[in-house]
Amino acid sequence: MRSFSETATDRIVFLLNAHVPIMIKIPKQIDDIVCDLLRLANTRLPTDVGWALEAAAAWETNDIAYSQLGGIMDNAKKAEYKGIPMCQDTGIPVFYVSGKFNSSIEKGIRDGLRKATETIPLRPNTVHPITRKNDGHNLGDGMPMIHYRPSDDDFTEITVIPKGAGAENMTKLGMLDPADGTDGIKRFVVNAVLQAGGRPCPPTVVGVGIGGTSEKCVEMAKEALLERLDSVNGNDDERRMEEELFLILNESGLGPMGLGGNATVLRVHIRTAYCHTASLPVAVNLSCWAARRATVRIHNDGTAEFKQ
């Protein structure tokens, strides 16, 4: 196997040493907690993503692809060291709130997003879809996107994934014929990823939703991106399809940034739901190589634990 250059080795050593679980407990208000959460998500790669990029570089045989992966890891190193976003497109943050909470949490999230936009800073990305007017704070009607999942837990958990336009614009929904079967599902996913080409900044993480209704299917595809890359799907049929798609896509030759190579995707995650007997919805949602996400658990005493 080809050895890394000194510079590339330094990049990998940094990734492996720096990306350890974060368990910080600091009593703060919700807006400050959300601001810190967004800072973590935008400036520091999750541990499993750092490992996956290192593994991708290890199996890469294409020189151009190898150099692209080296640049990616160098970028991640500088972003974390300097505490600045790893990509100029800091995306639109999608929040998932679970556990115990009340209606006041939405104001805390909005205030935190406003503060994060000004202080990190985040690029103001949200505009009115017709007038294209930008409020300058990543807010506006319907923003930010917040999905609520109440439960009987005695804590509140907030997860965020910043979704940049390059990857989000490549989202695909297909209402397949049930007769298309598993082969049709795999064709749809492969075509969606390959047609996206280099626009979502591969190597990507591929979220796949299968079943439900049209809106549920797209929602599942995006939620699949919340899974750690080293997680194991407990459903044998879904896991086999994930593995098959992973191999097919990485044998496609698309490669990092669409410039050719072995590393087209870092992982494929599938989520499913039962659907109408006459339906077979399939959706694909992509994350760029910077598979940004972060979670905070807020306890009753106001302390917060951050993790990725």
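This is a short dialogue on reading a predicted model, from its domains to its strands and its cavity.

Me: Which domains does the assignment give for the chain?
Reply: Domain 1 covers 8–45 + 86–164 + 292–307, and domain 2 covers 166–287. Read the plus signs as joins between separate stretches of the chain in domain 1.

Me: How many residues of each domain are in contact with the other?
Reply: On the side of domain 1 there are 10 residues, and they touch 14 residues of domain 2. The centres of domain 1 and domain 2, taken over C-alpha atoms, are 25 Å apart.

Me: In what sense do strands β1 and β2 pair, parallel or antiparallel?
Reply: In a regular strand the side chains alternate between the two faces of the sheet. Here β1 (residues 92–99) pairs with β2 (residues 145–150) in the parallel sense, over six bridges. One bridge to look for joins Ser 98 to Arg 149 in β2.

Me: Which helix makes a β-α-β unit with β1 and β2?
Reply: Helix α5, residues 105–119, does, and the unit is right-handed.

Me: How many cavities of 30 Å³ or more does the structure hold?
Reply: Rolling a probe the size of a water molecule over the atoms shows where empty space is left. This structure holds one cavity of 30 Å³ or more, and the largest cavity has about 40 Å³ of space.

Me: Which residues line the largest cavity?
Reply: Among them are Leu 38, Asn 42, Thr 90, Pro 93, Leu 113, Arg 123 and Pro 162. By class, the lining has five nonpolar, four polar and one charged residues.

Key: Residues numbered from 1 in each chain as written. Predicted model: local features only at pLDDT ≥ 70, side-chain atom pairs only at ≥ 80, totals over all residues. Heavy atoms only, no water. 1 Å grid on protein atoms, 1.4 Å probe; cavity = no way out; pocket = protein on both sides within 12 Å on 5 of 7 lines; lining within 4 Å. Points joined across faces, edges and corners; volume = space filled by probe spheres on them. Nonpolar A, V, L, I, M, F, W, Y, C, P; charged D, E, K, R; others polar. Pairing = 2+ DSSP bridges. Helix = DSSP H or I, 4+ residues; strand = E, 2+ residues; numbered from the N terminus. Right-handed = clockwise from strand over helix to strand, strands pointing away. Domains from an automatic or database assignment. Contact = heavy atoms within 4.5 Å.
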